[in-house]
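Q: Could you take a close look at one part of this model for me? I'd like the charged side-chain pairs walked through, along with whatever sits around them.

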Amino acid sequence: MVETQIKFVVVGHHSRREMATSLAALLNAHLLIDEADHGANWNHRRALVWAEEQDVRVVVLEDDAIPVSGFAELANEWLSRFPDTLISFYLGTGRPPQYQLEIATKLVLSDKNRTDYITIPRLIHGVCYSVPPQHLPKVLTRWSHSKAADYAVGDAYGGPVLYPCYSLVDHADGMLAEKPKDNMPRLERRKAWRLNGKANNATTQT
C-alpha cells in the first residue's frame, strides 16, 4: 500500500466546545471553533483554507463525528487508494431524505457486486470528508456562501463523491448547533447506514 501522510481538522461550534475539543485531542487534530455563530458554511471553508496550507492531505470532521476504532489508519488506506477523489467517510440515514432510496439501492448493488464503496454525484454529508489537495484551489474559488456546508464543498468540487459502504465515523445526532438553511426540522434518525467496527466512545462524552 502507498503510504499517505494525513492531517485532521475539526470544525466545531462554541455550544459543543467540549465535544469538539475531545475529538480534536483524540486525533491530534487542528481545531477551529466558530465563536460567533458565523455558521457551518463559514467554518468549513475556513477548514479548507487551512487544508490548502498543509503539505499533506487533510480530513475534515464535524464536532459530532464519532470515529470508529482505528479510524486514522483506515482513512489513510482509503486516501491512498483514491488520491484524486473526494471521499466522504460518513454515509447517513434520514438526511437528506431525497437521497435515501438511491443510497439503499446502491448498497444492495454493491453487496451483489462485492464492491466496498458507492458513488453519489454530490457530497450530502459534512460529518467527515477529504478533498484532494490538488482540488482545493478550485473548491475555494468556486465556493458558494449561500449553500449548506456539505453542498458548498461538493458542488464546488464538481465531481462524483466516493462513500465507503461501511462508514468510518458515526454521527452523534444531537441538537442542531444552527438553524438549517432549508428551515426544515430534522426529525429523521441521522446515523450511519453501516459502520466499520465499533465507534470510539472517547468522543461521545459531552
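A: Here's a walk through the salt bridges, then the loops and helices they lead to. Keep in mind that this is a predicted model.

There are nine salt bridges in the structure, and three of the pairs are worth going through one by one.

Start with Asp-116 and Arg-81, whose side chains form a salt bridge at 2.8 Å, N to O. Asp-116 sits in the loop between α4 (100-113) and β6 (117-120), while Arg-81 belongs to helix α3 (residues 71-81), so this pair links parts that are 35 residues apart in sequence. How open are the two ends? Asp-116 is partly exposed, at 33% relative accessibility. Arg-81 is partly exposed too, with a relative accessible area of 44%; the cut-offs for that label are 20% and 50%.

Stay with that loop for a moment, since it has another residue to look at. Arg-114 also lies in the loop between α4 and β6. Its phi is positive, at about 60°, although Arg-114 is not a glycine. Arg-114 has a relative accessible area of 78%, so it counts as exposed.

Asn-28 gives you a second case of this kind of backbone. Its phi is near 55°, again a positive value in a residue other than glycine. You'll find Asn-28 in the loop between α1 (17-27) and β2 (30-34), and with 72% relative accessibility Asn-28 is exposed.

Now step back into α4 itself. Here the side chains of Glu-102 and Lys-106 make a salt bridge, with 3.0 Å from N to O. This one is a local affair: Glu-102 and Lys-106 are four residues apart in helix α4, so about one helical turn separates them. As for accessibility, Glu-102 comes out at 26% and is partly exposed, and Lys-106, at 25%, is partly exposed as well.

The third pair takes us past β6. Arg-122 and Asp-155 meet through their side chains in a salt bridge of 2.8 Å, N to O. Arg-122 is in the loop between β6 and β7 (128-130) and Asp-155 is in helix α6 (residues 149-157), so the bridge ties together parts that lie 33 residues apart in sequence. Arg-122 has a relative accessibility of 23%, which makes it partly exposed. Asp-155 gets that label at 22%. Beyond the pairs, there's a network to look at: Arg-16, Asp-63 and Asp-64 are joined into one by salt bridges that share partners.

Asp-155 has brought us to α6, so what does that helix pack against? Its axis and that of helix α2 (residues 40-52) come within 8 Å and cross at roughly 45°. The two helices, α2 and α6, are therefore oblique to each other. On the α2 side, the contact is made by Ala-40, Asn-41, His-44 and Leu-48; on the α6 side, Ala-149, Ala-152 and Val-153 meet them. Sort the residues of this contact by class and you get five nonpolar, two polar and no charged ones.

To pull it together, you can follow the charged pairs from the α4–β6 loop, where Asp-116 reaches Arg-81 of helix α3, through the Glu-102 and Lys-106 pair within α4, and on to α6, where Asp-155 pairs with Arg-122 from the loop between β6 and β7. That same helix, α6, meets α2 in a contact with no charged residues.

Methods:
Residues numbered from 1 in each chain as written. Predicted model: local features only at pLDDT ≥ 70, side-chain atom pairs only at ≥ 80, totals over all residues. Heavy atoms only, no water. Salt bridge = Lys/Arg side-chain N within 4 Å of Asp/Glu carboxyl O. Buried < 20%, exposed > 50% of the residue type's maximum accessible area, 1.4 Å probe, protein only. Axes fitted to C-alpha atoms, helices over the stretch in contact; angles between N-to-C directions. Parallel < 35°, antiparallel > 145°, perpendicular 65-115°, else oblique. Contact = heavy atoms within 4.5 Å. Nonpolar A, V, L, I, M, F, W, Y, C, P; charged D, E, K, R; others polar.
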